[in-house]
Each structure stands twice: as structure tokens, then as C-alpha cells.
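Work through the exercises below with the sequence and the coordinates open side by side. Each task is followed by a solution that proceeds step by step.

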Amino acid sequence: MKGYSLYNDKEYSCLFKSVYGDGRNISLDDYKENPIYIELDGNEYFVGDLSEKESMKCIRNAGDSKVSPVVRILISAALSEIAVSDNVSLILGVPYKIFKKSTLKEVQKEYRDSTIVNVNIFREADAALIYAMGNRINENNPVGMVNIGFRTTELSYFDKGFKFNDKLSTTIESGNQNALKIVQKKLVDLGITKSLPEIDTAD
């Protein structure tokens with residue numbers, strides 16, 4: 001999960017694994033990295049690295065839905081890190097295949113309240129492309145981005161003049177997990193059993 005906000009010309013950002021688990025009241029002083037602990041709807045949660053170390057059970061985001069209970073907790077964690085105003089606008093990155101009006105209506109219904117006053121969506125790969133260009137739009141040449149995620153790969157392509165090319169942009173149902181499964185099989189052949197998340201986070 002990656003979050004970014006801008007308030008009074010000051011930037012705030014966060015980056016953490018899309019995983020959470022049960023939380024409890026413990027001292028977090030010994031953690032060098034920024035530990036994320038939140039309370040939501042009367043429940044306590046550890047998020048990201050902290051959940052993998054301290055939670056009894058971890059739950060990972062394994063779907064495309066942006067309104068699942070898992071995503072709601074992760075968004076709340078991100079907002080706890082980067083929201084500095086009482087009222088915020090929320091923009092969610094979504095895969096190309098679900099970038100449509102029905103998804104927008106769904107997330108607006110789920111998240112818009114007295115605190116989150118505006119909700120919108122954008123294509124994930126487009127954001128990655130603009131970030132890679134240093135937020136400078138290139139209108140002189142066609143540009144594209146291949147953004148490889150855990151389950152899917154997002155392709156984003158813009159023609160000269162930075163005009164979005166729908167035909168050459170898509171979601172491919174293949175990602176890092178395919179490579180990890182090959183590693184997992186090799187480990188099994190060596191008598192070593194590890195889950196995909198364990199292989200993905202191994203040093």
C-alpha cells in the first residue's frame with residue numbers, strides 16, 4: 001500500500017505491505033521502522049511489517065475490490081499516516097480492468113462521509129507512469145509503462161500529445177506470484193516448504 005498527500009504545499013507519504021492482523025496495547029518504542037497501529041470500529045490492528053511480527057494471524061489483500069473489509073482497514077492505516085486535515089479527498093488507484101463508473105460509484109458509497117468529502121479513482125499504471133516521469137508530462141513522444149504487481153501486470157500507453165491509448169492499455173492476469181510459484185516449486189524439490197508471502201519477503 002502506497003499513500004501520498006499534499007497539504008499546504010507540504011508532501012506526506014507512506015509505504016507498507018498490504019497486510020494487517022490483530023493488534024493489542026504494546027510498547028512500540030523498540031521499532032526502528034515506523035510501526036502502524038490503528039483502532040477502527042472498536043477493533044485494534046497492526047498493519048504492514050508490524051502485523052507480520054506481532055499479530056497472531058495476518059490477513060493479506062488478495063483481491064481487486066476496493067471496498068472489501070481488508071482494503072478498508074489498509075486505507076484507514078494509510079490515512080492515519082498521511083492525513084493531516086480534518087477533511088480529506090481520497091483518490092484510489094485501481095487496475096485498468098475495473099476502471100469504470102460502477103467502481104467509482106461503489107467506492108464513493110463506501111468511503112464518502114463527514115471526513116472524506118471527495119472520492120475518486122485513477123488507473124494505477126497511469127500514476128506509476130507519471131511518477132516515473134517525475135510528474136512532468138511528456139507530450140512530445142509516445143510513452144508507456146509496464147507495472148508488475150503481485151497478481152497482475154498493468155500496461156499503460158499514451159500516444160504523442162499524452163493522449164491515452166485504450167487499445168494498447170490493459171490488465172494482464174500474471175504478476176510476481178507466477179515467478180514466486182516457480183521458486184516455491186524449486187524449494188519443495190529441495191524439501192523446503194514456504195508460502196508465497198514468506199518467499200516474497202525473504203531477504
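The exercises that follow concern salt bridges and one helix residue in a predicted model.

**Exercise 1.** Determine where Ala128 is placed, and whether Ala128 is buried, partly exposed or exposed.

Solution. Begin with the secondary structure: Ala128 belongs to helix 4, which covers residues 124-132. Next take the relative accessible area, which is 21% for Ala128. Since buried requires a value under 20% and exposed a value over 50%, Ala128 is classed as partly exposed. Then look for contacts beyond the immediate sequence neighbourhood: leaving aside residues up to four places away in sequence, Ala128 touches Met145 and Asn147. Finally, compare sequence with space: Ala128 and Met1 are 127 residues apart in sequence, while their C-alpha atoms are 13 Å apart.

**Exercise 2.** Explain which parts of the chain are tied together by the salt bridge between Lys66 and Glu124, and describe the exposure of the two partners.

Solution. First establish the pair: the side chains of Lys66 and Glu124 meet at 3.6 Å, N to O, which satisfies the 4 Å limit for a salt bridge. Then locate the partners: Lys66 lies in the loop between strand 6 (58-60) and helix 2 (69-82), whereas Glu124 lies in helix 4, so the bridge ties together parts that are 58 residues apart in sequence. Last, consider accessibility: Lys66 is buried, with a relative accessible area of 15%, whereas Glu124 is partly exposed, with a value of 26%.

**Exercise 3.** Describe the salt bridges Asp126–Arg123 and Lys185–Asp189 by their N to O distances and by the exposure of their residues.

Solution. Start with the distances: the side chains of Asp126 and Arg123 meet at 2.5 Å, N to O, and those of Lys185 and Asp189 at 3.8 Å, N to O. Turning to exposure, Asp126 and Arg123 are both buried. In the other pair, Lys185 counts as exposed because its relative accessibility is 54%, and Asp189 likewise counts as exposed because its relative accessibility is 55%. To complete the description of Lys185 and Asp189, note that both lie in helix 5 (residues 176-189), where they are four residues apart, about one turn of the helix.

**Exercise 4.** How many salt bridges does the structure hold, and which residues are linked with Lys17 in a network of salt bridges?

Solution. The count for the structure is 11 salt bridges. For the network, the residues linked with Lys17 are Asp49, Glu52 and Arg60.

How values were computed
Residues numbered from 1 in each chain as written. Predicted model: local features only at pLDDT ≥ 70, side-chain atom pairs only at ≥ 80, totals over all residues. Heavy atoms only, no water. Helix = DSSP H or I, 4+ residues; strand = E, 2+ residues; numbered from the N terminus. Buried < 20%, exposed > 50% of the residue type's maximum accessible area, 1.4 Å probe, protein only. Contact = heavy atoms within 4.5 Å.
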